[in-house]
Amino acid sequence: MKKTTLLACCLLIAFTVFSQEKKRKASTYNKKKQEKGDVKFLEKQWWLGVKAGANWSKVNVMDRYSVISPTNYELTSISKKYDNFGLAGSQASLEVSFYFKGFLLSFQPTYQHTRFSYTTHYEWTSSEEENDRVELDYYQEQKIDYAVFPLIIKYDIAGNKVRPYVQAGIYSAMRLNATKALSTSGVDYAAGGENEFKTETIDVGVDDLFAKYHWGLLGGVGVNYNFKNHVRLNLDVMYKLGMSNITSTENRYGSDRLAGVGDAMDDMKLDNLSVSLGCLFPLRFLQSSLQTLDR
Amino acid sequence: MKHYIHAILFCFAAAGLTSCSEEENPQFDKDTFTKIYDNNKFNSSNFAIDMRQTPDGGFLILGGRIIPDDSIYTGIYLMKVDEFGNFVREIEVDGTSVNPVASLATFQTKYYFVCTDRSSLQAQVASVDANLEAVTITPVQGGLSYPAAASFIDNNFVVVGYNNVDRLTTMSIVSPEGGVLAYKGFMIEPGDAVEQPIMDHFVRTGRKFPFAVGKAPNGMYYFNGFYNYTFSLVFTDMVADDPNGVVQGSLNDGGFSAITPISGNKFAAARFNFGDNYLMPNREIPTSGISSSSKLGGYSLPEMVANAKVRIVRATVDQKNILIYGTDTKSKQIGLLYYNESTGEFINSRYLGFSNPFEIVSMTQTEDEGLAVCGMTQVAGRFGRITVFKISKEQLQQDVAALMP
């Protein structure tokens, strides 16, 4: 149902964008033939560019899971606490865009390094003896590399030299690599004092714990600055809204190392905010003046 | 027209992108899971003894618990978990009944096990329904003391116990209602030397011996326990006063750690000998006369802890009959070793657990042709907690396919 609605929205957007030419034909009717040809030529442009930047992730939990199954307390008391937008990742994109009368259809294959973390806290206490108490904390950082394939429609809002735009689209992400760094710390009050302990961080390869593919919607804003040689400097802010589970439900308990310490991945969708800086190069020129659309 | 084609292409591309998501199926969470059952009380300490699958796909776990103010005997603990391995409910049976022993048996709609009356130290038969609504305790009529192991065979319990008055290992056939249908006593020794390790076993202050009881395919009953000074595998027809066959160990230091009948005189077995362990899948074991377990050979596995606990399950995986040995490894994992049942040939292995130490308690093949392994772990390295691993049918098939394509 969700996908059908999305497809309908895509159709609506696409037909709106691609039918622009027809509506504007009347306004260019009285221009000279050559000028008309140039303008028509300049109405279309291909752009090729690269950009890179940082990103921050947010987890939207769908269903919670835990290896630890409490027998005398609520599962919610040991639920994972996610540090949303707390860790910066990075990304690098290749951009291929086709400009047509204010709209750009853009394909931006991206290598995205995503990071997010969560903590779990456990406590064992005694009602008889106050010092019979142990606290245990697990800190887990996920590092996932994705190949992201976004299909985006951009619209140049205004301007000539400085051209702000809005964008919306859809993406699919393919997991390339995933690791977890796990560290344990705690306090043992029963030892006769506050015996703080901490283990060395262990890194575990967890490719199978994450879904091979997921998809989502994206939206954002950006601005292009046109240099005299027609190269564009691009600042792009994009928010990706995850629409499918990034966890592999089949392999949830697949890592003995992590299951052994009570960890199982929640079902979750991943949102991602990225900021990128890059440059774009036009691929079509008027022969006489190397003029692009940016006059 | 061209632009409409562009629009349609765009839509197809978008549809293609949205189709890229992984299959989700709640069945996955039933097929495979790892669960650790935690109590946040500092002094809580339960341990598992046996596990059975219930008709709803969940599991019933028989366990023991520390009874406050009772430093000698352990109480009875029962836990129900659902088909996803999630905790459902638990019962701590009152301290008048203690020392539950494996195995947990299913008969008609109830689950049965044998335990001990705290004051008389006589055996009792306990029953409980699959949802742990109520536990019923019935005393065994006829003075059967210190039950050490039980098996449910031909709708009756076969119980091996210890008679501390006459220093006998006892073997009884007990009905689910508590009636003793047959009884035999087998001499251990007249002196005190053997009694101390046996009592240490019962009060859990010393080594746990792998007491076991069962019935061989040739109709002979057997028990794994003390006989004539040594820990031995003893065969009896429950008619003659003397054993029909004895496979002797080496006092307390050698003997069988697990035994499961296959066919005729063939057994899947494991033995210990002064700390070493030997696995004997598909081995002919004499059920008459006197022989020695140390001459039976077997595969020696240095990775196993000294005098390791061993559990054996006969399983059918992908229409192949295999033996699964579960044991404790020196790396504090539960090791599963797969053998071809008909040839005894090694197939593959799998190791469960990491980070925290894990020990095996019980294994059972599940209705969905997977494997459930019940064990113990030490959460935070100090709190003993019951754990259950569920291995899916597909994972077992992959394991077995290694050498049995």
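How many bridges join β11(A) to strand β12 of chain A? I counted 11, and the two strands run antiparallel. I note here that the model is predicted.

**Entry 1: strands of chain A**

I began with β12(A), which covers residues 232–242. I looked up one pair within this ladder: A:N224 stands opposite A:N234 in β12(A). The connection between β11(A) and β12(A) is a hairpin with five residues between the strands. I checked the turn for unusual backbone angles and noted A:H230, whose phi is positive at about 75°.

Then I turned to another partner of β11(A), which spans residues 213–226. Strand β8 of chain A, residues 162–188, pairs with β11(A) in the antiparallel sense over 13 bridges. For A:V162, I found A:Y225 as the bridge partner in β11(A).

I also took totals for the chain. Chain A has four helices and 13 strands. It holds 295 residues, and 36% of them are buried. I looked at contacts with a separation of 6 or more: 73% of these in chain A link residues 24 or more positions apart.

**Entry 2: A:V275**

I picked A:V275, in strand β13 (residues 267–282) of chain A. Is A:V275 buried or partly exposed? It is partly exposed, because 17 other C-beta atoms lie within 10 Å and a buried residue needs 20 or more. Setting aside neighbours within four places in sequence, I listed its contacts as A:G53, A:A54 and A:V237. A:G53 is 222 residues away along the chain, yet the C-alpha atoms of A:V275 and A:G53 are separated by 5.5 Å.

**Entry 3: B:N39**

Next I went to B:N39, in the loop between β1 (33–38) and β2 (46–53) of chain B. This residue counts as buried because it has 20 C-beta neighbours inside 10 Å. Which residues does B:N39 touch, not counting those up to four places away in sequence? I found A:T71, A:N72 and B:S44. I also took a distance to B:F211: 172 residues apart in sequence, and 30 Å apart in space, C-alpha to C-alpha.

**Entry 4: a sheet in chain B, and the core**

I traced an open sheet of four strands in chain B, in the order β9-β10-β11-β12, with antiparallel pairing. Its edge strands are β9 (147–153) and β12 (180–187), each pairing on one side only. Neighbouring strands of this sheet are turned by 15° against each other on average, direction ignored.

I looked closer at β9(B) and β10 (residues 156–163) of chain B. Six bridges hold this antiparallel pair. B:P147 has B:G161 as its bridge partner in β10(B).

I then looked up the largest nonpolar core, a set of 154 residues. B:I61 and B:V159 touch the most other members. Strand β7 (residues 134–156) of chain A gives this core its largest share, eight residues. I followed B:V159 further: beyond four places in sequence, its contacts include B:V114, B:A123, B:L144 and B:P147. B:V213 is also among them.

**Entry 5: helix α4 of chain B**

Which residues of helix α4 (residues 393–401) of chain B are buried? I found B:L396, B:D399 and B:V400. Seen down the axis of α4(B), they fall within an arc of 90°, so they line one face of the helix. I checked what this face packs against: the buried residues of α4(B) meet several strands of chain B, among them β22 (310–317), β24 (334–340) and β28 (383–391).

Conventions:
Residues numbered from 1 in each chain as written. Chains lettered and ligands numbered in written order. Predicted model: local features only at pLDDT ≥ 70, side-chain atom pairs only at ≥ 80, totals over all residues. Pairing = 2+ DSSP bridges. Axes fitted to C-alpha atoms, helices over the stretch in contact; angles between N-to-C directions. Core = buried A, V, L, I, M, F, W, Y, C linked by C-beta atoms within 7 Å. Buried ≥ 20, exposed ≤ 12 C-beta atoms within 10 Å, placed from the backbone. Contact = placed C-beta atoms within 7 Å. Arc of directions from axis to C-beta.
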